[in-house]
Amino acid sequence: MAKKYKVTPWEVSGEIDYDRLIKEFGVKPLDEKILERMEKHTGELHYFLKRKIFFAHTYFDTVLDQAEKKNKFYLYTGRAPSGPVHLGHLVPWIFCKWLQDKFDVNLLFQIPDEEKFLFNENLTLEDTKKWAHENILDIIAVGFDPKKTRIFLDTEYAGVMYKHACRIAKKVTFSTAKSIFGFTDSNNLGEIFYTSMQSVPAFLPTILEGKTTYCLIPCAIDQQPHFFLTNDVAPKLGYPKTATILARFLPGLQGMHQEGKMSSSVESTTIFTTETPEQVRNKINKYAFSGGRETTEEHRKHGGNPDIDVSYQYLTYFLEDSAQLKKIYDDYKSGKMLTGELKQITIQVINKFLKEHQSRREKAKGMVEKFMMRG
Ligand code: TRP
């Protein structure tokens, strides 16, 4: 029986069948051919690509065409500030930094502080602005180049964005918005308009450069419906179609099948970027869903299942060494490695990653204005 899941920009639930989602969203798999073509420019492939964490795209070939002609394109991504940043949020940003370094390109980073205000009854504009400030530290900590990166809050940069958003909104009927996002009579007016604000930065490269300039958006696949709309409008306004490169979701500690993607609203099974090594250890030990057997004896005899084990899945995101990863996979599957040992490795890998992130996050406090575009 087909599995049940839901993927929209505002709700991700159930166990996602990514192959089916590719078809439903009308996107393309990142196949060997396009990866080979990419490698000609980047010299190597990020392990997120080899492990299919980034697994799909739209129009990525048009961006590679530009790179082949030595034309610069822009990167664009974003973060709606509704709470603290967790490990799942960092995945597209880490990849984005890699792309920035490899292609030597500019990045626009949108913080739609109005989005979470409009879509969440409990948040005020003051709350989302406060979270924006906190989240910006995590964004800077990823290591983007301050000379090539511009971060902006929608409520501050609206003076530049608003007229472009109006041009976009004029080209989208309510019926189209309903069919893309499933809006109903109970959605508020701001929610319906918001998508035009998320489209604007895809056109900003051309607007800022004063000539046709392509845009590549690295993001999790739940954002694709916005950019489907962007591309419906692009030719009508004389802009090139925007490209996207799309990631899977990092599961919460209980696993995709039990709780879906990692989510700030479920604190106990989420690892936030500011957590201490002890907090990380306790959470993983206590909550990480295990692919191990009931008893040590059975585990030794029949082996574990790394494919459903959340600690193992986290290693695929945060352990770069592919040879070591394969050994862990094999040892766990054969029963040589126990769940406790696997968890210890994951705890170490994540704590090492967070230690470095946290030290860069501290330094980021003095760097904010170097990155901001305040309208
Ligand atoms: N809507 C995104 C979120 O909920 C934020 C966002 C704005 C974004 N622009 C983007 C995400 C571009 C990816 C790419 O977090």
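**Exercise 1.** Classify lysine 72 as buried or exposed, then locate its salt-bridge partner aspartate 104 in the chain.

Solution. Step 1: lysine 72 has a relative accessible area of 51%. The cut-off for exposed is over 50%, so lysine 72 is exposed in this predicted model.
Step 2: lysine 72 forms a salt bridge with aspartate 104, with 3.8 Å between the closest N and O atoms.
Step 3: aspartate 104 is in the loop between helix 5 and strand 6, while lysine 72 is in the loop between helix 4 (60–68) and strand 5 (74–78); the pair therefore ties together parts that are 32 residues apart in sequence.
Step 4: the relative accessible area of aspartate 104 is 37%, which makes this residue partly exposed.
Step 5: salt bridges with shared partners join Lys72 and Asp104 to Asp145 and Lys148 in one network.

**Exercise 2.** Determine which parts of the chain are tied together by the salt bridge between lysine 102 and glutamate 44.

Solution. Step 1: the closest N and O atoms of lysine 102 and glutamate 44 are 3.0 Å apart.
Step 2: lysine 102 belongs to helix 5 (residues 87–103) and glutamate 44 to the loop between helix 2 and helix 3 (47–50), so parts 58 residues apart in sequence are tied together.
Step 3: lysine 102 is partly exposed at 29% relative accessibility, and glutamate 44 is partly exposed at 40%.

**Exercise 3.** State how lysine 236 and aspartate 232 are placed in helix 11.

Solution. Step 1: both residues lie in helix 11 (residues 224–237), four residues apart, which means a separation of about one helical turn.
Step 2: their side chains meet in a salt bridge, 3.8 Å from N to O.
Step 3: lysine 236 is partly exposed at 46%, as is aspartate 232 at 33% relative accessibility.

**Exercise 4.** Give the strand order of the open sheet and identify its edge strands.

Solution. Step 1: the seven strands run in the order 3-4-9-8-5-6-7, with mixed pairing.
Step 2: strand 3 and strand 7 (149–153) each pair on one side only, and these are the edge strands.
Step 3: strand 7 pairs with strand 6 (residues 106–111) in the parallel sense over five bridges. Isoleucine 111 stands opposite leucine 153 of strand 7.

**Exercise 5.** Describe the pairing of strand 1 with strand 2.

Solution. Step 1: strand 1 (residues 5–8) and strand 2 (residues 11–14) pair in the antiparallel sense over four bridges.
Step 2: a hairpin of two residues joins strand 1 to strand 2.
Step 3: threonine 8 has glutamate 11 in strand 2 as its bridge partner.

How values were computed
Residues are numbered from 1 along each chain as its sequence is written. This is a predicted model: local features need pLDDT of at least 70, side-chain atom pairs count only at pLDDT 80 or more; totals for chains, interfaces and linings use all residues. Side-chain values use heavy atoms; hydrogens and water are left out. Two strands pair if DSSP finds at least two bridges between them. A salt bridge is a side-chain nitrogen of Lys or Arg within 4 Å of a carboxyl oxygen of Asp or Glu. Buried means under 20% relative accessible area, exposed over 50%, partly exposed in between (1.4 Å probe, protein chains only).
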